[in-house]
Amino acid sequence: MCGADDEGADFTAQEIARARELRRGVAPVALCGRAVSLALMLVLGLTAGGAHLVGAFGGDWAERVTGGAVTLVVLPLLLGLPFGARVRVVRTRFGLVTQGWRGWAVDQARGLLISLPLGFGMLFALYGLAGVTRWWWIWAALGAAVVTVVLSFLAPLLFEPLFNRFTPMEPGPLRDALLALARKDGVAVRDVLVADASRRTTALNAYVSGFGGTRRIVVYDTLLTTAEPREVELVVAHELGHVVHRDVLRGTVAGALASAAGVCLLAALVTWHPLLSAAGVGRFADPRSAWLLAALASVGGTVAGPLGAALSRRVETRADRHALALTDAPAPFIAMQRRLTRTNVGEPDPPRLLHLLLGTHPTPSARIALARSWPEGGAAAGGAGG
Ligand SMILES: [Zn+2]
């Protein structure tokens, strides 16, 4: 598919073979990890196992909620560790990991420190409501929608600094060019920041985060040290496309509606008697039902994942079109896609089923084909704004 026979092929046969080897090392382990995690949820959630586990923390309400939060956060994390570590070993062999095991362990601990209070808060609120009103699910649905919105807007500001350090980009032609792109797009940007991502990874990335007066362009230092300035502009133009099309806002609203609907569906299931008795719990308001709840939520998440990926691919294609219209520079766009794919040891044409299930972006071949089909001077005619 990716033109090993036409002149100037985008990827060499060697690059494609190496990417395939990486995928064959990683994908089965990652999929296995997901399957095992789902199996754990189902085994403990649809039998009395989960209820016994939570009950072991004590007989009173608060002890059981605590038991639910601790076991639901810690067990899946522990179970996922060997799979995550194995994926990491393979990725290290391909030169994709720069962070040591110690740093990795610290990141896992940080993740735990974020998930534990979130888990506690959610379960305390949920079971608190379920204990006092039979309309708890309406409040829970509203709460899920609100939490989705708040996390979507606050997470970048609260959590990004835990994992990366940011420094303002030095004044110069690149910074000017990036700010000019934002101006041309009518996007107000407060600053251009550089994230020290090279401490962890060789991955290349940039994004626009924050909203209103806090909006900033963030560029990975890895991108600055490896890519041509024109290519950095193309990455940022793509990110601006997300801002202009309000993808974060739309995604947040869609996510809020989906999570509210998901809570309503979950509420119907977790109060259904056959499921409760399978889980060895008399009524949902008993926090020993936490694993049943988590099992059903996991099944929902597994079903929703491919739908979300399909939606994401559409949004990413639109951002690519925006980048091409804004810059009218298909050649650096193609150069950037080739660089991204090579650096990430990505497959230009991954297996179709894997792509449909997990692919959040169009395939590299599709992105390059889009740029190849871009008409010369298309932006002047089409009007990219500005
Ligand atoms: Zn994107």
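**A walk from the surface patch to the zinc site**

Helix α13, residues 352-358, provides the largest share of a nonpolar patch, namely three residues. The model discussed here is a predicted one. The patch lies on the surface and is formed by Leu31, Leu353, Leu357 and Leu358, which together have about 350 Å² of accessible area. One of these residues, Leu357, sits in helix α13 and counts as partly exposed, because its relative accessibility is 41%.

From the patch we can turn to the zinc ion, which is coordinated by the NE2 atoms of His238 and His242 and by an OE atom of Glu316, at 1.9 to 2.1 Å. Along the chain these donors follow the spacing H-x3-H-x73-E. The two histidines both belong to helix α8, residues 229-244, where they are four residues apart, about one turn of the helix. His238 counts as buried because its relative accessibility is 7%, and His242, with a relative accessible area of 13%, is buried as well.

Helix α8 also takes part in the largest nonpolar core, a set of 38 residues in which Leu178, Ile217, Val219, Leu223 and Leu240 touch the most other members. At least two residues of this core come from each of α6 (173-184), β2 (191-195), β3 (206-209), β4 (216-220), α8, α11, α12 and α14 (364-372). The largest share of the core, seven residues, is supplied by α8.

Salt bridges make up the next part of the picture, and their count comes to 14. In one of them Asp191 pairs with Arg175, with the closest N and O atoms 3.1 Å apart. This pair links distant parts of the chain, since Asp191 belongs to strand β2 and Arg175 to helix α6, 16 residues apart. Both Asp191 and Arg175 are buried.

Another salt bridge joins Glu231 to Arg339, and here the closest N and O atoms are 2.5 Å apart. Because Glu231 lies in helix α8 and Arg339 in helix α12, the pair ties together parts that are 108 residues apart in sequence. Glu231, at 5% relative accessibility, counts as buried, whereas Arg339 is partly exposed, with a relative accessible area of 22%.

A further salt bridge brings together the side chains of Asp247 and Arg318, at 2.5 Å from N to O. Asp247 is in helix α9 (residues 247-270) and Arg318 in helix α11, so that this pair, too, links distant parts of the chain, 71 residues apart. Asp247 is buried, with a relative accessible area of 10%, while Arg318, at 27%, is partly exposed. Salt bridges with shared partners also join Asp10, Arg338 and Arg372 into one network.

Two residues stand out for their backbone angles. Asp328, although not a glycine, has a positive phi of about 50°; its place is in the loop between α11 (290-327) and α12 (330-343), and it is partly exposed, with a relative accessible area of 29%. Val345 is likewise not a glycine and has a positive phi of about 50°. Val345 is found in the loop between α12 and α13, and it is buried, with a relative accessible area of 7%.

Finally, the unreviewed UniProt entry lists residues 26-48, 68-90, 111-130, 136-159, 248-270 and 290-311 under "transmembrane region". In the model, the span 111-130 is 100% helix and 0% strand, with its end C-alpha atoms 28 Å apart. Residues 248-270 are also 100% helix and 0% strand, and their end C-alpha atoms lie 31 Å apart.

Notes
Residues numbered from 1 in each chain as written. Predicted model: local features only at pLDDT ≥ 70, side-chain atom pairs only at ≥ 80, totals over all residues. Heavy atoms only, no water. Donors = N, O, S within 2.8 Å, 3.2 Å for Na, K, Ca; no water. Buried < 20%, exposed > 50% of the residue type's maximum accessible area, 1.4 Å probe, protein only. Patch = residues over 30% accessible without salt bridge, like charges linked within 9 Å, V, L, I, M, F, W, Y side chains within 5 Å. Areas by Shrake-Rupley, 256 points an atom, 1.4 Å probe, with all protein chains shown as cover. Salt bridge = Lys/Arg side-chain N within 4 Å of Asp/Glu carboxyl O. UniProt positions renumbered as here; feature names shortened; annotations may be inferred. Core = buried A, V, L, I, M, F, W, Y, C linked by side-chain atoms within 4.5 Å.
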